[in-house]
Amino acid sequence: MKKYIYTAFATLSLFIVSCSVVDQLLTFTVSNQTEFKIASNFPLNIASGIVTPDVPTNSSAEFENNNTKANLVKYVKLKELKLSITDPDGKTFSFLKSIHIYISTDANDEIELAYLENISATTNTIVLTPTSEKLDNYIKASSYKLRTEAVIRETLTTDITVKADMKFKVTADPF
């Protein structure tokens with residue numbers, strides 16, 4: 001009887017480990033980026049929205065490069081969202097109090113993608129905290145929209161250009 005229990009336990013363990021290995025083999029990263037401007041007339045200490053242009057996903061090509069198709073993608077999650085000031089040179093995020101970024105498509109409702117509160121950065125790059133939202137439908141779309149909601153703590157004398165680099169963890173189904 002012990003022999004059957006050990007065999008069953010070994011088989012179950014092997015199955016669990018092999019599923020994990022298969023998931024790792026079918027997991028890859030999709031990267032996208034966009035830019036947006038924070039205008040010099042941006043309101044102080046009030047949460048205000050910034051609209052970004054549509055972000056093309058190029059997901060079909062990304063899926064094909066990773067030997068899968070959109071219908072086999074089973075899970076997409078934001079891995080990292082990094083913001084960098086590209087203009088003016090030398091500007092840091094010290095002006096920014098908080099930021100929330102939302103994602104939507106024409107066919108999918110807006111959901112929060114990432115955020116950062118109580119920002120005290122003295123650099124020109126910050127990394128936001130990703131939400132745990134499932135993003136399959138957004139990344140499978142041909143493009144998506146980002147909406148940024150920010151609160152600034154100091155008056156801006158010039159427009160600030162910010163680049164958003166996004167990395168999405170994609171897991172595909174083998175069948």
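1. Asp54 is partly exposed, with a relative accessible area of 42%. In this predicted model, Asp54 sits in the loop between strand S2 (48-51) and strand S3 (55-56). Its side chain meets that of Lys145 in a salt bridge, at 3.8 Å from N to O. Lys145 belongs to strand S8, so the pair ties together parts that are 91 residues apart in sequence. Lys145 is partly exposed as well, with a relative accessible area of 31%.

2. The Asp54 and Lys145 pair does not stand alone: Asp106 is linked with Asp54 and Lys145 in a network of salt bridges. The structure holds seven salt bridges, and two further ones are taken up below.

3. Glu154 and Lys91 form a salt bridge through their side chains, with an N to O distance of 3.6 Å. This pair also links distant parts of the chain, 63 residues apart: Glu154 lies in the loop between S8 and S9, and Lys91 in the loop between S4 and S5. Glu154 counts as partly exposed at 31% relative accessibility. Lys91 is partly exposed too, with a relative accessible area of 21%; the cut-off for buried is under 20%.

4. Asp165 and Lys163 make a salt bridge in which the closest N and O atoms are 3.7 Å apart. Is each partner buried or partly exposed? Asp165 has a relative accessible area of 17% and is buried, because buried means under 20%. Lys163, at 24% relative accessibility, counts as partly exposed.

5. Turning to the interior, the largest nonpolar core has 42 residues. Which of its members touch the most other members? They are Leu81, Leu83, Leu113 and Leu135. Two or more residues of this core come from each of strand S1 (27-38), strand S4 (73-87), strand S5 (96-104), strand S6 (111-116), strand S7 (125-130), helix H3 (136-140), strand S8 (143-152) and strand S9 (160-172). In soluble globular proteins, nonpolar side chains tend to be buried together.

6. What is Leu135 in contact with, leaving aside its neighbours within four places in sequence? The list consists of Val76, Lys77, Leu78, Ile103, Ile111, Leu113 and Phe168. Leu113, one of these contacts, is itself among the core residues that touch the most other members.

7. Strand S8 appears in both parts of this note. The strand gives two or more residues to the largest nonpolar core, and Lys145, the salt-bridge partner of Asp54, lies in S8.

Definitions and conventions
Residues numbered from 1 in each chain as written. Predicted model: local features only at pLDDT ≥ 70, side-chain atom pairs only at ≥ 80, totals over all residues. Heavy atoms only, no water. Core = buried A, V, L, I, M, F, W, Y, C linked by side-chain atoms within 4.5 Å. Buried < 20%, exposed > 50% of the residue type's maximum accessible area, 1.4 Å probe, protein only. Helix = DSSP H or I, 4+ residues; strand = E, 2+ residues; numbered from the N terminus. Contact = heavy atoms within 4.5 Å. Salt bridge = Lys/Arg side-chain N within 4 Å of Asp/Glu carboxyl O.
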